[in-house]
Amino acid sequence: MTLLENQPAAIPAPREITTKPRVSDQIFRAVVTVGGMSSLIILGLIALFLSLKGINVLRIEQLSFITESKWEVLQDAEGKIAESTFGLAAMLIGTFLSALIAVIVGVPIAVLSALYLTFYARGSAKKLLVSLIDLMAAFPSLLFGFWGFIVLMGSAEYWAKLLNKYLGFIPLFDVPAPIFERSPFIAGLVLAILIIPIVTAISREIFDQTPLDRIQAAYALGASKLSMIRAVVIPYGRGGVVGGAMLGLGRAMGETVAVYTVLNVVYQINWQILFGAGGNVASLILLKFGEAGPQEVDALMAAGLVLFLLTLIVNAISDILINRFGRRGR
Amino acid sequence: MEKKMQATTPSSLASVANGREQRVPGTNLLGTGLETRGVHAWFGKKHVLSDVSLDFAAGTVTALIGPSGCGKSTYLRTLNRMHEFIPTAALAGEVLLDGQDIYAPGTDVTKIRLRVGMVFQKPNPFPSMTIGENVLSGLKLAQLKKSNTDELLESCLVRAGLWSEVKDRLGEHGGALSGGQQQRLCIARSLAVEPQVLLMDEPCSALDPGSTFRIEETISELAKSMTIVIVTHNMQQAARVSDYTAFFLSDGGPGVMVETAPTSKIFSSPTDKRTEDYVTGRFG
Amino acid sequence: MTQTITPKPQTPWAVTIQQRLSTAGLITLGALLAGVAVKTTGLSGKLGFAAAFFFISTLLIFIQQFRLRDLAAAKDSLLSSLASLAIVLTLIPILSIVATVVSKGYKGIHFGMFTNDMTMASVNDPVNAGGLLHALVGTILMVGGALLVSFPIGLLTALYLTEIRGKLARPIKFLVQAMSGVPSIVAGLFILSILVIPVTQELNGLMGSLALSILMIPTIARTAEEMLLLIPNDLREAGVALGATQWRTVSGVVVPAAKSGLVTAVILGVARIIGETAPILLVSGGADALNFNPATGAMGSLPFYIWKAFLTGGTEEAYSRAWGGMLILLILIVVLFGLARYLSGRKVG
């Protein structure tokens, strides 16, 4: 009766609870923390050493390293290096072009496949398909390049000729000379096939996590599968799927052997994707490395740094996108 | 009407049921009601529901009561063909809406779900849509064209008892409301497609008493124009809102419907001993 | 209280045989009409037929659904047609790649393969000459070396993320993801810049291992983290409640419980790098001779064997050799993958 009339006692502040860990634990924690920092250390070292090696060339070329489109090492009469210019622009363009083709062709197929796997496939067929696609994600890129050269090239050339015939009025699909093999288009196709399994796997995981109660609410309102997917699955998974697409983009940008085997790596700017010339930064490094003198090696290191930073940025954006939707609780 | 807390004695529940305004089915009813004949349900080999035959007359509120795990929710989901979403689900018997078996071959299931709506236990408005969009989402999902969506929007929210609270913020997101408001939003959403039956699966169990009260008022209003079937764990709620009550029970095997009767009778003089044991609180 | 006979369970909502037949019929009709279209219009080749087939079948199904039900159902059928097309487009390359490797690869295989290296033979020689022993040995040594470095680091990273969960956990998780995106050629360049050029000035197997470990660490760390998270917290609490230090709990309880998961992580890490070519080309040189010493001299590897045969040879024999090597590599990857799947099906312990 009178309890309620008393003044409530002041609420005490929570006690601070501390433990002094045992020595073995302190060592344990220290070791694990250092090990855990390894990724930070390694990434930092990569950036550092590539910069160190490449700094000379970068200092000379400065911004034209990225904007200029010339990569030559001129030798004088005695075979000594006389003059060299290093400008990555053509290869940067090639990197973006082939990766973009890969994403434009591969991501829609991957997302639709993921929708199929999550919402249409059932039972053992579903398990088989998922296993097959996950297995394909483990194939080495050399295999894709190889297969692309030997098997896909013929058909891809044919499609390129078709594109040129009907859409050749668009400059992108025009060619200066009818050389259709080993073009950025084909490289883009190979890269698309390479990234489809990864993007499918990520998208599938995201679609799987769509909250069941929202799906049921949509169906209970009389939705068809398409309506349900548009109203619930896409808004929920949009961010993550875009993140997965960016992951595919990053992968396509950094690919070396798959592009090298399929593309005629020639140092020139080539916007005309159906024409057989071009390259990306990674395949340039591979191409030039064998016979590079010390200064050219430095330039290649600088190119590697540019590639490293580019893929780092793309992957960072992808990571933020994939993880963000989970935290928002949408 | 007495609404304060009463001891759970059958007689007091019965008096609550009796004390309530007796309902006269209105003239703006849709359809003739819902009936199930000999409905069984399985999940894989497990027989979870056995031989349930119930008749839900138009304009009535029927409560399904019983201890947890006796198949009430499963039964509810057979009424709007949500049961089939579970991969190993199977069914026998008939569910007749206006005399037509909804499981007949060639039936368009999306049309059935437009006529038999559902409100779930946990409120689930679509977070990517605004409040206004949520209410009208059923139209978009079923691709129905309506000409006077603003009027429809307002009338659904009014009937759900939410209009006054949200009329100025229809553009806000659905997740910004309280639990009780979200549930009323879900009710408004299911009204927009003009169902003739509304199924409610423990709609108030996740809500506070104030919201529960408001939703029960809504149920009473809605019953004037449709048939309502509500699963509830709360016997007082059954007494407060329903005209008829069906008692479900499982003895470890499939759930069965033990008894169905007008609500006041089931609480005052149940026919089956098991029912009596349950409503007097001897178990459950 | 009469005993009623329980009726049989039915699934009236399941797709009926009639529905399946009618869909199959429409698809067949689509194929026929596509054939007609190819013959009569300018469409030609496989692509023309495939495109016509898809469009016509989709259209037929759309019309059928529209007449049977309504526009919403017809639009729904469009999505299901597109999704089916997508999965077929995804499957065709997988099947083609596997079929190609098997059919072209078996010609490149012979029994002597596993006992000879390429010192006495050139890539253009008939396939029976030489072998890939040096490549296998090289791959095993380099992968093993990479594992020695990557497993501890990967495990420690995973332990930091799951057991210590310090303030740096989120940045570190992010960095592990970032590291998994490092292009393989950059990993090679890095080892070049930090070790080969300044220090050893030699291309050898050890350098290859180190370059590969940069690619392996993120895979092991991520998989190990997932597996450690599967271990229920009750186990950790039980250890701590018994008075064990965190070190003992982790080493004595958590890690043993996650054993099969950690093995899975290792297997997936190995599968990740076993086919990597670019870093090896940069830092391991290419050897035709058997070399058991990772610290000196160029070291061969399966990817290099394939690469050399493919790019420097020009004859059918060289290609067969390359495909043969690829077949061996693919078999290894499939086996590893299958093992990992089997193990992760066993989850804890």
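**Exercise 1. In which loop of chain B is B:R81 found?** Work out its place, its backbone angle and its burial.

*Solution.* Keep in mind from the start that this is a predicted model.

Step 1: go to chain B and look between α2 (72-79) and β4 (89-97); B:R81 sits in the loop that links them.

Step 2: check the backbone. B:R81 has a phi near 55°, which is a positive value in a residue that isn't glycine.

Step 3: decide on burial. The cut-off for buried is 20 or more other C-beta atoms within 10 Å. B:R81 has 22 C-beta neighbours inside 10 Å, so it counts as buried.

**Exercise 2. Do the same for B:E194: where does it lie, and is it buried, partly exposed or exposed?**

*Solution.* Step 1: find the loop between α7 (179-191) and β7 of chain B, and you have B:E194.

Step 2: look at phi. For B:E194 the angle is near 55°, again positive in a residue other than glycine.

Step 3: count neighbours. B:E194 has 18 C-beta neighbours inside 10 Å. Buried takes 20 or more and exposed takes 12 or fewer, so with that count B:E194 is partly exposed.

**Exercise 3. Which residues of strand β6 of chain B point one way, and which the other?** Then place the strand beside its partner.

*Solution.* Step 1: recall the rule. In a regular strand, side chains alternate between the two faces of the sheet.

Step 2: apply it to β6(B), residues 116-119. B:V116 and B:M118 point one way, while B:G117 and B:V119 point the other way.

Step 3: check burial on both sides. All of these β6(B) residues are buried.

Step 4: find the partner. β6(B) is joined by four bridges to β7(B), residues 197-201, and the two strands run parallel. If you want a spot to start from, B:G117 is opposite B:L198 in β7(B).

**Exercise 4. Why does the radius of gyration of chain B agree with a compact globule, and how does chain C compare with the globule rule?**

*Solution.* Step 1: take chain B, with its eleven helices and ten strands. A compact globule of 284 residues would have a radius of gyration near 19 Å, and chain B has 19 Å, so the two agree. Its C-alpha atoms fill a box of roughly 55 × 50 × 35 Å along the principal axes.

Step 2: look inside chain B. Buried residues account for 50% of its 284 residues. Of the contacts between residues at least 6 apart in sequence, 71% join residues at least 24 apart.

Step 3: turn to chain C, which has 13 helices and zero strands. The globule rule gives 20 Å for 349 residues, but the radius of gyration of chain C is 28 Å, so chain C is more spread out than a compact globule.

Step 4: run the other checks on chain C. The box for its C-alpha atoms is roughly 75 × 70 × 40 Å, taken along the principal axes. Of its 349 residues, 47% count as buried. Among its contacts between residues at least 6 apart in sequence, 70% join residues at least 24 apart.

**Exercise 5. What domains does the assignment give for chain C, and how many residues does each put into their contact?**

*Solution.* Step 1: read off the bounds. The domain assignment gives domain 1 (18-105) and domain 2 (133-344) in chain C.

Step 2: get the spacing. The C-alpha centres of these two domains of chain C lie 42 Å apart.

Step 3: count the contact. Domain 1 of chain C gives four residues and domain 2 of chain C gives six residues. The domain 1 side splits into two nonpolar, one polar and one charged residues.

**Exercise 6. How many residues does chain C put into its contact with chain A, and how many into its contact with chain B?** Finish with C:T100.

*Solution.* Step 1: start with chain A. This contact takes 68 residues from chain C and 67 residues from chain A. Helix α3 (residues 71-105) gives the most to the chain C side, with 18 residues. By class, that side has 48 nonpolar, 16 polar and four charged residues.

Step 2: now chain B. Here 13 residues of chain C meet 14 residues of chain B. The chain C side has six nonpolar, five polar and two charged residues.

Step 3: zoom in on C:T100, in helix α3 of chain C. C:T100 touches A:W147 and A:V151. With 19 other C-beta atoms within 10 Å, C:T100 is partly exposed. Its C-alpha atom is 8.7 Å from that of C:W323, although 223 residues separate the two along the chain.

Technical notes
Residues are numbered from 1 along each chain as its sequence is written. Chains are lettered from A and ligands numbered from 1 in the order in which they are written. This is a predicted model: local features need pLDDT of at least 70, side-chain atom pairs count only at pLDDT 80 or more; totals for chains, interfaces and linings use all residues. Two strands pair if DSSP finds at least two bridges between them. Two residues are in contact if their C-beta atoms, placed from the backbone, lie within 7 Å. Ala, Val, Leu, Ile, Met, Phe, Trp, Tyr, Cys and Pro count as nonpolar, Asp, Glu, Lys and Arg as charged, and the others, Gly among them, as polar. Domain bounds come from an automatic or database domain assignment. The radius of gyration is taken over C-alpha atoms; the globule rule is 2.2 Å times the number of residues to the power 0.38. Lists of a residue's contacts leave out its neighbours within four places in sequence.
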